[in-house]
Amino acid sequence: MNFFKLFPNCLLTIGKINAVIHDLERNSSELIPLDFAKIILELDNKIPVIKVIENYTDDEKEIILKNIEYFIAKDYGIYCSSEMFSLFPKMSTFFEEPNKISNAIVELSSTTRKALKKIFNNLLELDCLHISLVSYEELYEEEFLNIIDAINIDRIKSIEITSKWHDQINDVLFQKINKIDSSIYKLSFFSAPFGNYFKFDENIFFEREFSTQDITSFKFCGKVEKKYLFTDMSKYLESINHNSCLHKKISIDSVGNIRNCPSMPQSFGNIKNTTLKEALNHEDFKNYWNFTKDKIEVCKDCEFRYICTDCRAYTERTHEDKEGLDISKPLKCGYDPYTGEWEEWSTNPLKEKAIEYYGMQELVKKN
């Protein structure tokens, strides 16, 4: 065959020195050399293989052809005739969700726990499907069951609860939760004596994660690491069109203030006297919803930008756009797309001022 065609579900993201091929059918991504990615883009524009590689040396041609064979073996594309290009129309990257709010975070405290039914009813009015509850203190059996009892499980798709570990966290508790709520998809525990992760099984129908890290506030959120890069068609399409963290998100912090996320500085009212719908309709609430990584400094040159989450609450505080919105790189990202290297974010001397500004000295990794 004279041509090579990339399958429509396989999309390339070009970075400054690297590229990534995303297989959105299999929800996987793979780092590839930038030069080869550019060759693939040429081939995908219906230019014959022989034409694309004609100016390369024999050794380079052999490498290119071997890489193409690798792409074929991985089901990223296929050798074909020019007529066959019409059989592979470009995949739409349009993204839309019918719900007004897709996910919510609630910091559990004496204030918010008293208002849980009100909060959940507010969220149901906005068609929210995913709820994350965060407690910085221990939750015991009765508290777990009271929280779950306050949730209308018929219309909530998934619930994640994060809390401090204690020695009564065990399979007995998990099985009790099993029996009363099928919408729980994950329980996470910090300050545990061990770190581990368990998938759901035939006995316990939700994931369990244990971490030895001590968490005292939402300042611990927003970290970007290689292990957190995640490929999912829905999230990928959302990232192309919107902000990967704040789009259709709403949060209630520990004192009841309504924010985009618990760490964002602007409050849009308090749950005591403001409905979530009223907060959502505030003229500033959606300011960052359409801030894709293509608009953020440094991130716009990163090959991982569509499979990485964003953080507008904690940034390097180096750039603003003409509206005064923060377009700086997330503070807790240690990746440099100009060198292709990962490093510990907290020890970077260029981040010291921002770390001091946010009062994050406790997060700086000690040697």
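Start your tour in the middle of the sheet: select strand 6 and strand 12, which run parallel and are joined by 4 bridges. One pair to click on is Ile105 and its bridge partner in strand 12, Ser251. Keep in mind as you go that this is a predicted model.

**Stop 1: strand 6 and its other neighbour**

Stay on strand 6, residues 103–108, and add strand 7, residues 130–138. These two strands also run parallel, with 6 bridges between them. Look for Asn103, whose bridge partner in strand 7 is His130. Further along, Glu107 stands opposite Val134 of strand 7.

Is strand 6 mostly covered or uncovered? Mostly covered: 6 of its 6 residues are buried. Show the side chains and you can sort them by direction. Asn103, Ile105 and Glu107 point one way, while Ala104, Val106 and Leu108 point the other way, and all are buried.

**Stop 2: across the sheet**

Move on from strand 7 to strand 8, residues 158–164. Here you'll find 6 bridges again joining a parallel pair, strand 7 with strand 8. Glu138 is worth a click, since it stands opposite Lys164 in strand 8.

Next, select strand 9 (residues 184–190) and strand 11 (residues 207–210), a parallel pair joined by 4 bridges. In this pair, Ser188 stands opposite Glu209 of strand 11.

Now zoom out. In what order do the strands of the open sheet lie? There are 8 of them, in the order 10-11-9-8-7-6-12-13, and the pairing is mixed. Strand 10 (196–198) and strand 13 (258–259) each have a single partner strand, so they stand at the edges with one side left without a neighbour in the sheet. If you're wondering what holds such neighbours together, strands of a sheet pair through backbone hydrogen bonds, either parallel or antiparallel.

**Stop 3: helices lying across the sheet**

Turn on helix 5, residues 116–125. This helix lies across strand 6, strand 7 and strand 12, and runs at about 170° to strand 6. Then try helix 7, residues 171–180, which lies across strand 9 and strand 11. Its angle to strand 9 is about 155°.

**Stop 4: two crossing helices**

Leave the sheet and select helix 1 (residues 34–44) together with helix 3 (residues 58–73). Their axes come within 11 Å and cross at roughly 75°, so the two helices are roughly perpendicular to each other. Which residues make the contact? From helix 1, pick Phe36, Ile39, Ile40 and Leu43; from helix 3, pick Ile64, Asn67, Ile68 and Phe71. Colour them by type and you get 7 nonpolar, 1 polar and no charged residues.

**Stop 5: the cysteines**

Finish by showing the cysteine sulfurs. A disulfide is a covalent bond between the sulfur atoms of two cysteines. How many disulfides does the count give here? It comes to 0, with a cut-off of 2.5 Å between the sulfur atoms.

Why does Cys80 have no such bond? The closest cysteine sulfur, in Cys10, is 14 Å from the sulfur of Cys80, and that is too far for a bond. Cys80 is also buried, with a relative accessible area of 0%.

Last, go to Cys333. Its closest cysteine sulfur belongs to Cys308, and the distance of 5.9 Å is too far for a bond. Cys333 counts as buried too, at 10% relative accessibility.

How values were computed. Residues numbered from 1 in each chain as written. Predicted model: local features only at pLDDT ≥ 70, side-chain atom pairs only at ≥ 80, totals over all residues. Heavy atoms only, no water. Pairing = 2+ DSSP bridges. Contact = heavy atoms within 4.5 Å. Axes fitted to C-alpha atoms, helices over the stretch in contact; angles between N-to-C directions. Parallel < 35°, antiparallel > 145°, perpendicular 65-115°, else oblique. Nonpolar A, V, L, I, M, F, W, Y, C, P; charged D, E, K, R; others polar. Buried < 20%, exposed > 50% of the residue type's maximum accessible area, 1.4 Å probe, protein only.
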